[in-house]
Amino acid sequence: MKQSFILLAILFCLSCSETNIDPEAVLSKLPKIEREISFESDIRALNEQYCISCHSGTTPDAGLLLTNYNEFLISSRRGSDNRNSIFRIRNRTMPPSSSPALSNEEIQLFLKWEEDGFLEN
Ligand code: HEC
């Protein structure tokens, strides 16, 4: 009886920790990135892997081109809302759920890029 109670308690705790993951808390617990992040060092490759398929060409989604540093910079600097790339990456609504998601470590790179002042090189 006692054993099955302990087992239930353990299962209960496990299920809590899996469903109550706060994405912001996960990010804040990652080890800090010590080096500077630039577009060329990290962001260009992530952009090519996760964004460019929809945000390029003659009819980009949302009319938004993200094919080079300047375009990505503009979309990262405008308002702290849904039109802002860093905002959409942080709240995990870009890339859309139909596409492969960024890992927490990759999201952290975009946030550090913003923190460092959107360096190009
Ligand atoms: C599978 C296609 C797809 C991928 C991949 C994708 N997007 Fe989008 N994006 C869309 C669509 C569709 C919209 C319009 C609907 C919306 O705002 O949710 C959009 C809208 C946006 C907007 C808002 C633009 C505006 O002016 O309202 C931003 C910013 C954005 N995307 C950034 C990104 C970034 C950054 C990435 C990569 C990390 C990315 N997207 C990857 C399809 C995509």
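Biologist: How do the residues of the shell around the ligand divide into nonpolar, polar and charged?
Modeller: They split into 9 nonpolar, 8 polar and 3 charged. Nonpolar here means Ala, Val, Leu, Ile, Met, Phe, Trp, Tyr, Cys and Pro, charged means Asp, Glu, Lys and Arg, and the others, Gly among them, count as polar. Bear in mind this is a predicted model: local features need pLDDT of at least 70 and side-chain atom pairs pLDDT 80 or more, while totals for chains, interfaces and linings use all residues. Numbering runs from 1 along each chain as its sequence is written.

Biologist: Which residues are the closest to the ligand?
Modeller: Cys51, Cys54, Asp61, Ala62 and Met94, out of 20 that surround the ligand (C-beta atom, placed from the backbone, within 6 Å of it).

Biologist: And which helix gives the most to that shell?
Modeller: Helix α5, residues 85-90, with 3 residues. Helices are DSSP runs of H or I, at least four residues, numbered from the N terminus.

Biologist: Switching to α3, which residues are buried there?
Modeller: Phe39, Ile43, Asn47 and Tyr50 (buried is 20 or more other C-beta atoms within 10 Å of a residue's own, C-beta atoms being placed from the backbone). Seen down the axis of α3, they fall within an arc of 100°, so they line one face of the helix. That arc is taken from the directions from the helix axis to the C-beta atoms.

Biologist: What do they pack against?
Modeller: α4 (69-77) and α6 (104-115), where contact means C-beta atoms, placed from the backbone, within 7 Å.

Biologist: What does Ile89 touch?
Modeller: Met94, Leu102, Ile107 and Phe110, leaving out residues up to four places away in sequence.

Methods: A residue is buried if 20 or more other C-beta atoms lie within 10 Å of its own, exposed if 12 or fewer, and partly exposed in between; C-beta atoms are placed from the backbone. Helices (H or I, at least four residues) and strands (E, at least two) are DSSP runs, numbered from the N terminus. Two residues are in contact if their C-beta atoms, placed from the backbone, lie within 7 Å.
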